[in-house]
Amino acid sequence: MEEQETNNSNEINFDSRIPLEDLKDSVKNLKSQLSRIIVGQEDFVELLIVALVSNGHVLIEGVPGVAKTLTAKLFAKTLNTGFSRIQFTPDLMPSDVLGTSVLNMKNSEFEFKPGPIFSNIVLIDEINRAPAKTQAALFEVMEERQITIDGKMYKIESPFMVLATQNPIEQEGTYALPEAQLDRFLFKIEIDYPSAEEEVNILKGHQERKGNLPETEIQAVLNPERLAEIKNQIHEIKIEEKLLEYITQIVGKTRNHPHLYLGASPRASIAIMNGAKAMAAINGRDFVIPEDIRKMLQPVMAHRIILSPDREMEGMRPKDVIEMISHSVEIPR
């Protein structure tokens, strides 16, 4: 009798699991569309998808010519939503991004004209070229999905995602992003040069397109309604308490590490948890495993911690310290 009750209990647990087959298929279709143009960069694409379903923004860093902007544009193309692109320059004003009130001569009243930030997927190219005043204009909209102008609040329609690019090499005419703004990005993804084999495939693809624009070969595979359903499913993904403690231990070690001047905030802990849940879901699991968490550590924390001056002068990088910390914390079993 006990054995029968156990079997029935197991069946109930199995039946109550979250159906993730459609989500997994949607992610597979999205990756398939991007792979028609983007060669390699599987981790980059996967992190973009995780950020999308986690309701987060992404900062993309890499030298010119490694397809940062192209990948972001094609990623937006796979979604049947609004898209806008803003080129940040040193003379860009906040009103050029957010919008401004304009006098309507017919009724002698001011009307608000929305700026390009009023879209669903917003690509900001070379975000570190705009001055601090313009960068600060993004604080409210990135965190609260709203804009306050002239005492009036304007909501941003869902979905809303900022994809920002920056060049790590060229520093002339650039402005470093303040820590408060960096903290609003769920991930910072660093793009490296492709391998020799990947570069050959890039050349082959360029040759085969015969001058056709890459955007013309990408089709939308997700709409806002389906995306909202996926986001609701992510909230239901299970994560055990011992894994929450694992995240807390790792993030906590950044706050008193001898190599770090500034550690990660609780927002980083939340970002790791949400990212891990999304990673589990897109891989067809309704529960988080330690590997999901480990995949989130670098993209979530690398831009949120600051090295001590001595270690920075020695050439140490934030990713090195994160690696040290992750190895020093025992993985839950």
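**View 1. The hairpin of strands E6 and E7 in the predicted model.** In this predicted model, strand E6 (residues 146-149) runs antiparallel to strand E7 (residues 152-155), and four bridges join the two strands. Within this pairing, Ile147 of E6 has Tyr154 of E7 standing opposite. The two strands form a hairpin with two residues between them, and Asp150, which lies in the turn, has a positive phi of about 55 degrees. Beyond the hairpin, the loop between E7 and E8 contains Pro159, and the peptide bond that leads into this proline from Ser158 is cis, with omega near 0 degrees.

**View 2. The open sheet of five strands and helix H3.** Strands of a sheet pair through backbone hydrogen bonds, either parallel or antiparallel. Here the pairing is parallel, and the five strands of the open sheet follow the order E2-E5-E8-E1-E9. Strand E2 (83-87) and strand E9 (187-190) stand at the edges with a single partner strand each, so one side of each has no neighbour in the sheet. From one strand to the next, the twist averages 20 degrees. Strand E1 (residues 58-61) runs parallel to strand E8 (residues 161-166), to which it is joined by four bridges, and in this pair Val58 stands opposite Leu163 of E8. Helix H3 (residues 42-53) packs on the sheet, where it touches E1, strand E5 (121-125), E8 and E9, and the direction of H3 makes about 170 degrees with that of E9. The loop between H3 and E1 holds Asn55, a residue other than glycine whose phi is nonetheless positive, near 65 degrees.

**View 3. Helix H12 against helix H13.** Two packed helices are described by the angle between their axes and the distance between the axes. For helix H12 (residues 266-282) and H13, the axes come within 8 Å and cross at roughly 135 degrees, and the two helices are therefore oblique to each other. The crossing in which H12 passes H13 is right-handed. On the H12 side, the contact is made by Ala268, Ala271, Ile272, Gly275, Ala276, Met279 and Ala280, and these meet Asp292, Ile293, Lys295, Met296, Leu297, Val300 and Met301 of H13. Sorted by class, this contact of H12 with H13 has eleven nonpolar residues, one polar residue and two charged residues.

**View 4. Helix H13 against helix H15.** Helix H13 (residues 290-301) also packs with helix H15 (residues 318-328), at an angle of about 150 degrees and with the axes 10 Å apart. Because angles over 145 degrees count as roughly antiparallel, H13 is described as roughly antiparallel to H15. As H13 passes H15, the crossing is right-handed. Arg294, Leu297, Gln298 and Met301 of H13 make the contact together with Lys319, Ile322, Glu323, Ser326 and His327 of H15. The residues in this contact of H13 with H15 comprise three nonpolar, three polar and three charged ones. Leu297 and Met301 of H13 are listed in the contact with H15, and both are also listed in the contact with H12.

**View 5. Helix H2 against helix H10.** The axes of helix H2 (residues 21-35) and helix H10 (residues 224-235) come within 11 Å and cross at roughly 125 degrees, and H2 and H10 are therefore oblique to each other. H2 passes H10 in a crossing that is left-handed. The contact is made by Asp22, Leu23 and Ser26 on H2, and by Arg226, Ile230, Gln233 and Ile234 on H10. In terms of class, the residues that join H2 with H10 are three nonpolar, two polar and two charged.

**View 6. Helix H9 and the residue that follows.** Helix H9 (residues 196-209) has 14 residues, which at 1.5 Å a residue should span 20 Å, and this agrees with its end C-alpha atoms, which are 20 Å apart. After H9 comes Lys210, whose phi is positive, near 50 degrees.

Key
Residues are numbered from 1 along each chain as its sequence is written. This is a predicted model: local features need pLDDT of at least 70, side-chain atom pairs count only at pLDDT 80 or more; totals for chains, interfaces and linings use all residues. Side-chain values use heavy atoms; hydrogens and water are left out. Axes are lines fitted to C-alpha atoms, for helices over the stretch in contact, and angles run from 0 to 180 degrees between N-to-C directions. Angles under 35 degrees count as roughly parallel, over 145 as roughly antiparallel, 65 to 115 as roughly perpendicular and the rest as oblique. A crossing is left-handed if the near helix is turned anticlockwise from the far one by less than a right angle, and right-handed if clockwise. Contact means heavy atoms within 4.5 Å. Ala, Val, Leu, Ile, Met, Phe, Trp, Tyr, Cys and Pro count as nonpolar, Asp, Glu, Lys and Arg as charged, and the others, Gly among them, as polar. The expected span of a helix is 1.5 Å times one less than its number of residues. Two strands pair if DSSP finds at least two bridges between them.
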